[in-house]
Amino acid sequence: KNIAKRFFMLLYLFLKRNYEHIEVVFIRHHTVATEVDEDEFFTSRESGGTVVSSALDLMYQIIGARFPSNQWNIYGAQASDGDNWNDDSAKCHDLLEQSLLPLTQYFAYIEITDGPPQNLWEEYAKLESAHTDHFAMRRIATAADIYPVFRDLFKQKV
């Protein structure tokens with residue numbers, strides 16, 4: 001969680017410094033996703049089982065209610081240790097492919113583990129080749145990886 005918070009803090013600072021008109025939505029989840037404010041996002045120590053699809057579903061609902069994709073440039077970033085209920089990872093794949101990727105300019109998934117890829121990574125990897133223009137995945141093993149991965153994910157395309 002510490003590495004994920006550091007990654008998101010870097011992303012948040014980057015967005016605030018480089019863009020005048022942005023709205024950042026923070027979604028936290030364990031078994032159920034909730035929209036939270038900046039303070040709760042960066043300070044909460046909540047933990048428990050993981051149902052990732054609840055966060056993706058909430059993101060989709062928020063976009064539909066407040067951020068029509070024809071009026072907003074929507075970007076998503078998700079960081080996870082990749083551990084998810086096995087039957088939920090396929091649902092995450094479907095939510096991304098069918099609901100979120102068509103609405104987003106770019107979606108980045110960061111898996112934070114120094115072990116082998118987890119089930120969520122394996123499901124998302126099935127999307128990567130079909131959506132190379134606006135979907136990216138990277139892995140972070142240690143805090144030293146945060147900045148190089150961040151730069152790689154958000155480098156300007158020529």
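Q: Two strands pair if DSSP finds at least two bridges between them. In this predicted model, how many bridges join strand S1 to strand S2?
A: Strand S1 covers residues 26-29 and strand S2 covers residues 33-36. The two form a hairpin, with three residues between them. They run antiparallel, and the number of bridges that join them is four.

Q: Which residue in S2 is the bridge partner of isoleucine 27?
A: Isoleucine 27 belongs to S1, where it points to one face together with His29, and neither of these two is buried. Phe26 and Arg28 point to the other face and are buried. Across the hairpin formed by S1 and S2, the partner of isoleucine 27 is glutamate 35.

Q: In what order do the elements of the protein chain run from the N terminus on?
A: The secondary structure comes to six helices and five strands. Written from the N terminus on, their order is α-β-β-α-α-β-α-β-α-β-α.

Q: What is the radius of gyration of the protein chain?
A: The chain has six helices and five strands. For its 158 residues the globule rule gives 15 Å, and the computed value is close to this, so the chain is as compact as a globular protein of that length. Along the principal axes, its C-alpha atoms fill a box of roughly 40 × 35 × 35 Å. The radius of gyration is 15 Å.

Q: What percentage of the 158 residues is buried?
A: The chain exposes about 9200 Å², of which carbon and sulfur atoms supply 49%. A residue counts as buried when its relative accessible area is under 20%. By that cut-off, the buried share of the 158 residues is 42%.

Q: Which residue in S4 stands opposite alanine 77?
A: Strand S3 (residues 75-80) pairs with strand S4 (residues 106-112) in the parallel sense, over six bridges. Together with helix H4, these strands make a right-handed β-α-β unit. Opposite alanine 77 stands alanine 108.

Q: How far does helix H4 reach from its first C-alpha to its last?
A: Helix H4 spans residues 86-100. It has 15 residues, and 21 Å would be expected at 1.5 Å a residue. The computed reach is close to that expectation, at 20 Å.

Q: Which strands are included in what covers the buried residues of H4?
A: The buried residues of H4 are Asp88, Ser89, Cys92, His93, Leu95, Leu96, Ser99 and Leu100. Their cover includes helix H3 (53-66) and helix H5 (119-128). The strands included in it are S4 and S5.

Q: Which residue in S5 is the bridge partner of isoleucine 110?
A: S4 and S5 pair in the parallel sense over six bridges. With H5, they make a right-handed β-α-β unit. In S5, the partner of isoleucine 110 is arginine 138.

Q: Is isoleucine 74 buried or exposed?
A: Isoleucine 74 lies in the loop between H3 and S3. Leaving aside neighbours within four places in sequence, its contacts include Met59, Ile63, Phe67, Leu103 and Tyr106. Its relative accessibility is 9%, and the cut-off is under 20%. Isoleucine 74 therefore counts as buried.

Q: What distance separates the C-alpha atoms of isoleucine 74 and leucine 11?
A: Along the chain, isoleucine 74 and leucine 11 are 63 residues apart. The distance between their C-alpha atoms is 15 Å.

Key: Residues numbered from 1 in each chain as written. Predicted model: local features only at pLDDT ≥ 70, side-chain atom pairs only at ≥ 80, totals over all residues. Heavy atoms only, no water. Right-handed = clockwise from strand over helix to strand, strands pointing away. Expected span 1.5 Å × (residues − 1). Buried < 20%, exposed > 50% of the residue type's maximum accessible area, 1.4 Å probe, protein only. Contact = heavy atoms within 4.5 Å. Rg over C-alpha atoms; globule rule 2.2 N^0.38 Å. Areas by Shrake-Rupley, 256 points an atom, 1.4 Å probe, with all protein chains shown as cover.
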